[in-house]
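User: Hey, can you walk me through a structure? I'm new to this, so keep it simple.
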Amino acid sequence: MTYPRSAVDLAEQSRLGDGKKTRMGMIYAILAAPSLGLAFGLLGSIVGAPPFNAQAPTGAFTLVAVLQVPFGVLAIALFLTVTGTWRDTGRVLGHRVSWWNLFVAVGGFVGDICFAAASGLIGGALAGAIGGLAGVVGAIVAATLYRERILRPTTLIGLVALAVGVWLAVSGGEVSAPTHGIYFTVGLLIIFGGVLTWGFESFAISAGTDLMPAEGFLWWRAFFGLIIANILLFVLFPEGRTIAAQAWSDPRLIAFGAVIGFGWAIWIIMGYYIGISYAGAVRGGVLTNTLAFFFISFFSLTVYGAPFSAIIIIGSICTVIGALVIVTEPKSYIARIRG
């Protein structure tokens with residue numbers, strides 16, 4: 001005879017299911033990190049080269065607008081078509097929180113522009129090392145608004161590691177940075193601005209996917225970015241049209257754009273669509289952003305030929321360790337809370 005399961009059994013089954021979903025999101029977020037490293041590492045290496053260095057910072061904006069975003073939208077469109085989830089993209093238009101997509105798209109696009117501009121001023125390796133703070137910003141915002149407890153003794157250790165990592169990266173980064181003095185300072189301010197926008201974007205995606213299908217964010221995040229990029233490019237930055245024409249007439253730059261756009265799209269699909277929507281802004285956001293930006297620094301200093309700086313690598317590793325310590329719950333802490 002089969003007896004109905006108690007509420008305790010159902011709650012335990014739900015808890016186990018949520019745990020499995022969270023772990024899946026974290027795994028996909030980790031796997032997504034190298035793809036953004038390859039994409040933005042390449043972006044940071046060519047943003048200071050012709051024709052993008054003809055106008056600063058318009059050249060960085062043009063690189064994102066005419067190469068990264070179009071190829072990214074193409075890759076996401078292919079993914080949605082193959083998986084059949086394209087049907088959900090239209091449904092979000094009538095959703096009561098569909099305006100939230102615009103907030104996410106604008107925030108993410110601004111962050112991408114900040115990274116490109118900062119890469120031209122302080123180098124992609126240093127911009128990547130600092131950009132990893134985006135995951136922690138998103139975690140703090142989400143934890144505060146969702147009242148999720150991340151303030152533990154280990155949080156202090158994580159914050160110290162973050163501070164040491166950023167200090168090491170910044171103090172040693174000027175040696176190999178493209179600019180110095182006031183321009184170097186401006187580049188630092190720009191990437192910190194990008195960190196804030198990406199951090200709030202992580203929270204916005206986590207909050208929004210509680211109310212609407214994640215597929216909607218996946219598409220509109222890139223699609224709105226494409227619209228915004230072209231409006232700004234042709235209305236506010238007319239000199240960028242010349243740079244765009246030169247970029248699209250060079251097969252080598254088109255190939256670079258495909259690598260940047262597709263790598264960026266893979267990161268969005270695996271990191272945002274699965275990572276943050278499954279694991280949340282705290283765990284998924286930290287893994288999606290912090291590890292990805294570590295790989296940006298690593299690939300910039302190795303694969304893409306930026307002047308090698310061991311101190312930036314060490315600083316990036318400290319940042320990753322600090323972020324992981326903040327969002328990882330030690331077994332002893334869990335046992336004490338449950339006891």
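Analyst: Sure, we can talk about helix packing, then a cavity, then an odd peptide bond. Keep in mind that this is a predicted model.

User: Okay, helices first. How are two packed helices described?
Analyst: People give the angle between the two axes and the distance between those axes.

User: So at what angle do α5 and α11 cross?
Analyst: Their axes cross at roughly 165° and come within 7 Å. Angles over 145 degrees count as roughly antiparallel, so α5 and α11 are roughly antiparallel to each other. The crossing of α5 past α11 is left-handed.

User: Which residues meet there?
Analyst: From α5 you have G124, A125, A127, G128, A129 and G131, and they meet F293, I296, S297, S300 and L301 of α11. Sorted by class, that contact of α5 with α11 has six nonpolar residues, five polar ones and no charged ones.

User: What about α2 and α10, how do those two cross?
Analyst: Helix α2 covers residues 58-83 and helix α10 covers residues 240-248; their axes come within 9 Å and cross at roughly 50°. That makes α2 and α10 oblique to each other. Here α2 passes α10 in a right-handed crossing.

User: And who makes that contact?
Analyst: On the α2 side it's T58, G59, T62, V66, L67 and F71, and on the α10 side it's G240, I243, A244 and W248. The contact of α2 with α10 splits into six nonpolar, four polar and no charged residues.

User: Switching topic: how many cavities are there?
Analyst: Searching the whole structure turns up two cavities of 30 Å³ or more. The second largest cavity holds about 30 Å³ of space.

User: How do you even find empty space like that?
Analyst: You roll a probe the size of a water molecule over the atoms, and that shows where empty space is left.

User: Neat. What lines the second largest cavity?
Analyst: Its lining is G128, A129, G132, T290, F293, F294, S316, T319 and V320. The helices α5 (124-131), α11 (251-301) and α12 (310-327) each supply at least two residues of that lining. G128 and A129 of α5 and F293 of α11 also take part in the contact between α5 and α11.

User: Polar or nonpolar in there?
Analyst: A mix: the lining of the second largest cavity has four nonpolar, five polar and no charged residues.

User: Last one, where's the odd peptide bond?
Analyst: Between P50 and P51, where the bond is cis with omega of about 0°. Most peptide bonds are trans. P51 sits in the loop between α1 (7-46) and α2.

How values were computed: Residues are numbered from 1 along each chain as its sequence is written. This is a predicted model: local features need pLDDT of at least 70, side-chain atom pairs count only at pLDDT 80 or more; totals for chains, interfaces and linings use all residues. Side-chain values use heavy atoms; hydrogens and water are left out. On a 1 Å grid over the protein atoms alone, a cavity is a set of points where a 1.4 Å probe fits but cannot get out, and a pocket is an open set with protein on both sides within 12 Å along at least five of seven lines; lining residues have an atom within 4 Å of a point. Grid points are joined across faces, edges and corners, and a volume is the space filled by probe spheres set on the points. Helices (H or I, at least four residues) and strands (E, at least two) are DSSP runs, numbered from the N terminus. Ala, Val, Leu, Ile, Met, Phe, Trp, Tyr, Cys and Pro count as nonpolar, Asp, Glu, Lys and Arg as charged, and the others, Gly among them, as polar. Axes are lines fitted to C-alpha atoms, for helices over the stretch in contact, and angles run from 0 to 180 degrees between N-to-C directions. Angles under 35 degrees count as roughly parallel, over 145 as roughly antiparallel, 65 to 115 as roughly perpendicular and the rest as oblique. A crossing is left-handed if the near helix is turned anticlockwise from the far one by less than a right angle, and right-handed if clockwise. Contact means heavy atoms within 4.5 Å.
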